[in-house]
Amino acid sequence: MCGRYAASRKPEDLVGLFGVQKWEPEETLAQDWNVAPTKDVYAVLERPLKDAEDPSPVRQLRALKWGLVPSWAKTPDTGVKMINARAETVHEKPSYRRPFASRRCLLPADGYYEWVTASGERQLEEQGKRKRPRKQPYFVTPVDGSVMAMAGLYEFWRDRTLPDDHPRAWWVTCTVITTEAEKEPFPQPAGGAEEGGAGPRSLAEIHPRMPLVLTEDRWADWLDPSRTDPEDLRPLLAPPPAGLLRAYPVATAVSDVRNNGPELVTELEAPEVGTLF
């Protein structure tokens, strides 16, 4: 899954990287190393500009709220539960099939966090000696330091309790598409495993799911709103080639959403929470 990620790139960098044609400076977001559900996040999308005479889609950088609210929802409360959509079923689920057909986006990230329960902690839990086992966070990021482009969907929701001219009358929300985690072994085990067997040997050993990362050669097709046939789109949901991502342990401070700063993605020499594997 993807329940937390880091996004520290400045909008001007994202504009150049993704070939953005339109973005509004007032939508600039602060650098965020601990992005959690319901926060505003950057999204790259293509659609016609509001009130423009030319109906052609324009590539835009927008600030959307993470947690998709279906257009038919009575309240926005469902958004916090809809931060992820499974690639295997996104074309058929009522909440996602319409945005999958025409409202797809890219969600730029430095990488994402995933938590692993230490084996010793699991044993204590099984023995009833610890109700909430501690977990070791890992940061998963591109090997080459590039921006991770996560596949996403976005949707519009109208708050019928507000007048049309109210600035909060319309919500624009998004979700991250996930896929099966990569089972291919890392070139080098994460977290010092080569020294003491402490680290995971693949992404799948950290968590069975991962965000669907799209390589640059798929960006244009994924963002193209004229492509609306689900069967034509589903091949774009194939996982990326193996070996593009690495994982390493980070401080448990990231587990508290109140903590935020570049130190959260600093690589540790060894996990803080016991032996994991």
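Start by selecting Ser8, which sits in the loop between strand 1 (5-7) and helix 1 (11-18). Is Ser8 buried or exposed? Its relative accessibility is 14%, so Ser8 counts as buried, the cut-off for that class being under 20%. Keep in mind as you look around that this is a predicted model. Now show what surrounds the serine: leaving aside neighbours within four places in sequence, Ser8 is in contact with Gln31, Asp32, Trp33 and Asp110.

**A cavity beside Ser8**

Leave Ser8 selected and add Ala7, Arg9, Leu14, Tyr42, Pro108, Ala109, Asp110 and Val147. Together with Ser8, these residues line the largest cavity. Its space comes to about 40 Å³, and the structure holds one cavity of 30 Å³ or more. Asp110 is worth a second look here, as a contact of Ser8 and as part of the cavity lining.

**Tyr5 and the largest nonpolar core**

Step back along strand 1 to Tyr5. Which residues does Tyr5 touch, not counting those up to four places away in sequence? They are Trp33, Asn34, Val35, Val41, Trp66, Pro108, Ala109, Gly111, Tyr112, Tyr113 and Met150. Two of the cavity-lining residues, Pro108 and Ala109, turn up among these contacts of Tyr5.

Next, colour Tyr5, Trp66, Leu107, Tyr112, Met150, Leu203 and Ala247. Within the largest nonpolar core, which has 31 residues, these touch the most other members. The elements that give two or more residues to this core are strand 4 (40-47), strand 5 (58-66), strand 7 (104-109), strand 8 (111-117), strand 9, strand 10 (148-158), strand 11 (170-180) and strand 13. Apart from this core lies another, of 28 residues, and Val20, Ala85, Leu212 and Trp222 are among them. As background, nonpolar side chains in soluble globular proteins tend to be buried together.

**The five-stranded sheet**

Switch to a cartoon view and pick out strands 3, 1, 8, 9 and 13. In that order they form an open sheet with antiparallel pairing. Its edges are strand 3 (32-35) and strand 13 (245-249), each of which pairs on one side only. From one strand to the next, the twist averages 30°.

Zoom in on the strand 13 edge. Strand 9 (residues 135-142) is joined to strand 13 by five bridges, and the two run antiparallel. To find one of these bridges, select Thr141, whose partner in strand 13 is Arg246.

**Strand 5 and its partners**

Move on to strand 5 and follow its pairings in turn:

- Strand 4 pairs with strand 5 in the antiparallel sense over eight bridges; pick Asp40 and you will find Lys65 as its bridge partner in strand 5.
- Strand 2 (residues 22-23) pairs with strand 5 in the parallel sense over two bridges; Lys22 has Gln60 as its bridge partner in strand 5.
- Strand 11 pairs with strand 5 in the parallel sense, again over two bridges; here Trp66 is matched with Cys174 in strand 11.

Trp66 links this stop to earlier ones: Tyr5 touches it, and it is one of the core residues that touch the most other members.

**The largest pocket**

Stay with strand 5 and turn on a surface. Which element gives the most to the lining of the largest pocket? It is strand 5, with six residues. Strand 2, strand 4 and strand 11 also appear among the elements that give two or more residues to the lining. The pocket has about 830 Å³ of space. Of its 24 lining residues, Glu27, Arg62, Phe156, Trp170 and Val172 lie nearest its centre, so-called landmarks for placing your view.

**Two last stops**

Select Ser202, in the loop between helix 4 (193-196) and strand 12 (209-211). Ser202 is buried, with a relative accessible area of 6%. Leaving aside neighbours within four places in sequence, Ser202 is in contact with Glu182, Lys183, Glu184, Pro185 and Phe186.

Finish at Leu268, in the segment after strand 13. With a relative accessible area of 21%, Leu268 is partly exposed. Measure from its C-alpha to that of Val250 and the distance is 5.5 Å, although the two are 18 residues apart in sequence. Beyond residues up to four places away in sequence, Leu268 touches Gln136, Pro249, Val250 and Ala251.

Conventions: Residues numbered from 1 in each chain as written. Predicted model: local features only at pLDDT ≥ 70, side-chain atom pairs only at ≥ 80, totals over all residues. Heavy atoms only, no water. Pairing = 2+ DSSP bridges. Helix = DSSP H or I, 4+ residues; strand = E, 2+ residues; numbered from the N terminus. Axes fitted to C-alpha atoms, helices over the stretch in contact; angles between N-to-C directions. Core = buried A, V, L, I, M, F, W, Y, C linked by side-chain atoms within 4.5 Å. Buried < 20%, exposed > 50% of the residue type's maximum accessible area, 1.4 Å probe, protein only. Contact = heavy atoms within 4.5 Å. 1 Å grid on protein atoms, 1.4 Å probe; cavity = no way out; pocket = protein on both sides within 12 Å on 5 of 7 lines; lining within 4 Å. Points joined across faces, edges and corners; volume = space filled by probe spheres on them.
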